[in-house]
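User: Can you help me read a structure? I'd like to go through its pockets, salt bridges and surface.

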Amino acid sequence: MNALAFLLGIPLVGGLVLALVGHRDAARDVNVAFSLGTFIAACALTAQIIRGGPMLAWNQEFYIDALNVFLVALTAFVGLTTSIFSRPYMRIERDHGKMTPPRLRLYHSMYQWFNFTMLLALTTNNMGLLWVAMEAATLTTVLLVSVYRTAASLEAAWKYFILCGVGIAQALFGTVLLYMASEKVIGPEGGALLWSNLDALKGQLHPGIITLAFAFLFIGYGTKVGLVPVHNWLPDAHAEGPTPVSAVLSGLLLNVALYAILRCKVLTDGALHSNHLTGRLMMGFGLLSVVAAVFFLVRQKDVKRMFAYSSIEHMGIMTFAFGLGGPIASFAGLLHMTVHSLIKSGIFFAVGHATQTAGTQVMDSIRGLLRVSPTVGWGLMLGTLAILGMPPFGVFASEFLILTTTMREQPWATLFLLIALGVAFASIFSRVQPMVFGSTSVKPLAHPPALIPVFAHLGLGLMLGLYIPPYLDAWYRQAAAMLGN
């Protein structure tokens, strides 16, 4: 319980502190220090769950189990590495005049509060508080996306606010319907929105009401996941916001929104005594997202927009995998959540340094990264190969499991997935290759880039393709079992 208090308290206090001193030069180091404290608390909480199993805390309002504990550790880790990456990145943005002292204060404080909302959403046992945390995440990221105060960034933030606001309103209605179904079983005395109570009595929930509730919850949280056709906010938010924001959006926010859907899926499957409805819905929207996203990739000229559409593609793959269901597909979906979060955020780290070096995000104007900064060039190339599913990186392992399960369970979808993956490979690799190996006269950055986060993420992604530690494998298996067959 103490670890949980520190996990939530450190970023909350960090946001308050940085709201006061976030404009100073030392704020970059303070931001890293608070992120490090959060990561240490996450490790302590993880060790506690490994030793003692699932934990209820604070009048049952918080619940940690195999499904969310590894996401908590992943969120805290990516939050830490992104804060390290943002130190030189924000220094250069300040030198270029894009970040003023008030904007730096806003960025640093909102960064900590964004981490707080993500961790709150992952650890809460209350489905109502989960909705509140997701809404708070929307508000903090709107401010982060618009921090440059350019016309394009304000437009992207407004689109993000409107689309995700409409989506989160759908999720609110779904939460109300969920309460209506549970109150008839649990009673009005309280606890009707506690997930642990709902899970214990899910077989008694009214099938009609719970079906309607899942439809609204899926649409609402699916907007935050970036599923087609409610994905339009995501490319703009990635392209116009600071690159550290792009990293945490792809690496954290999308995962947490999908986690919320999975919690709702477990309840719906139990109430209907079948996973046909949720499975078909998730497979349909997941496959649509994969196919649509990869064909948008062909048209992109902005490097951050291209990798934003790649995030939509991979979230579609995860959604499809969880829709397939079963122990292997669910295991593969959880593995894909992990490696995509690591690899994609690592790619955005490399892209951030590359765009600052070239002074543009247009891919045709970024050339010769190996000549300017070999480590940035190799980081971008290796990250690209990893996210495209080249062995032996972890994305290859998870996609292989998903494809083989699809061949056995839903063979009609195999061809769509293979074509989509092939188009994505050709589109992204053909754009990144000249960015890395072309010729250029651009000079290196004035300040050395933060490359440890890039290769730390790529190293972990490589490790998960070759070897999954026993405790992580146990988490995946327990979580896959919890998601049901």
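Analyst: What follows is a short walk through a predicted model.

User: Ok, pockets. What volume does the largest pocket have?

Analyst: The largest pocket has a volume of about 430 Å³. It is lined by 16 residues, and the closest to its centre are A73, L74, Y471, L472 and W475.

User: Which elements give two or more residues to that lining?

Analyst: Those elements are α2 (27-52), α3 (66-95), α13 (326-358), α18 (452-466) and α19 (470-483). The largest share comes from α3, with four residues.

User: How do the lining residues of the largest pocket divide into nonpolar, polar and charged?

Analyst: In the largest pocket, 14 of the lining residues are nonpolar, two are polar and none is charged.

User: And the second largest pocket, how much space lies in it?

Analyst: The second largest pocket holds about 300 Å³ of space. It has 16 lining residues, and Y89, E93, K98, Y148 and Q361 are the closest to its centre. Helices α3, α9 (233-240) and α13 each give two or more residues to this lining.

User: How does its lining divide?

Analyst: The lining of the second largest pocket has three nonpolar, nine polar and four charged residues. For the largest pocket the division was 14 nonpolar, two polar and no charged.

User: What about closed spaces? How many cavities of 30 Å³ or more are there?

Analyst: The count is five cavities of 30 Å³ or more. In the largest cavity there is about 60 Å³ of space.

User: Which residues line the largest cavity?

Analyst: The largest cavity is lined by Y63, A121, T124, N125, M127, L130, W195, Y259 and R263. Two or more lining residues come from each of α5 (127-145) and α10 (243-272). By type, the lining consists of six nonpolar residues, two polar and one charged.

User: Changing topic. How many salt bridges are there?

Analyst: The model has eleven salt bridges. One of them joins the side chains of R87 and D29, at 2.7 Å from N to O.

User: Which parts does that pair tie together?

Analyst: R87 is in helix α3 and D29 is in helix α2, so the salt bridge ties together parts that are 58 residues apart in sequence.

User: Are those two buried or exposed?

Analyst: Neither word fits, because R87 has a relative accessible area of 33%, which makes it partly exposed. D29 also counts as partly exposed, at 40%.

User: Give me another pair.

Analyst: D236 and K159 form a salt bridge through their side chains, at 2.5 Å from N to O. D236 belongs to helix α9 and K159 to helix α6, so this pair ties together parts 77 residues apart in sequence.

User: Why does D236 count as buried?

Analyst: D236 counts as buried because its relative accessibility is 15%, and buried means under 20%. Its partner K159 is partly exposed, with a relative accessible area of 28%.

User: Any others?

Analyst: K202 and D199 meet in a salt bridge at 3.0 Å, N to O. K202 is partly exposed at 23% relative accessibility, and D199 is partly exposed at 25%. There is also a network, in which salt bridges that share partners join K159, D236 and R305.

User: Last topic, the surface. Which residues make the nonpolar patch?

Analyst: L139, W158, F161, I162 and V166 make a nonpolar surface patch of about 470 Å². Helix α6 (residues 151-186) gives the most to this patch, four residues.

User: Where is I162, and how accessible is it?

Analyst: I162 is in helix α6. Its relative accessibility is 37%, so I162 counts as partly exposed.

Key:
Residues are numbered from 1 along each chain as its sequence is written. This is a predicted model: local features need pLDDT of at least 70, side-chain atom pairs count only at pLDDT 80 or more; totals for chains, interfaces and linings use all residues. Side-chain values use heavy atoms; hydrogens and water are left out. Patches are made of residues with over 30% relative accessible area and no salt bridge: like charges are joined within 9 Å, nonpolar side chains (Val, Leu, Ile, Met, Phe, Trp, Tyr) within 5 Å. Accessible areas come from the Shrake-Rupley method with a 1.4 Å probe; for residues, only the protein chains shown count as cover. A salt bridge is a side-chain nitrogen of Lys or Arg within 4 Å of a carboxyl oxygen of Asp or Glu. Buried means under 20% relative accessible area, exposed over 50%, partly exposed in between (1.4 Å probe, protein chains only). On a 1 Å grid over the protein atoms alone, a cavity is a set of points where a 1.4 Å probe fits but cannot get out, and a pocket is an open set with protein on both sides within 12 Å along at least five of seven lines; lining residues have an atom within 4 Å of a point. Grid points are joined across faces, edges and corners, and a volume is the space filled by probe spheres set on the points. Ala, Val, Leu, Ile, Met, Phe, Trp, Tyr, Cys and Pro count as nonpolar, Asp, Glu, Lys and Arg as charged, and the others, Gly among them, as polar.
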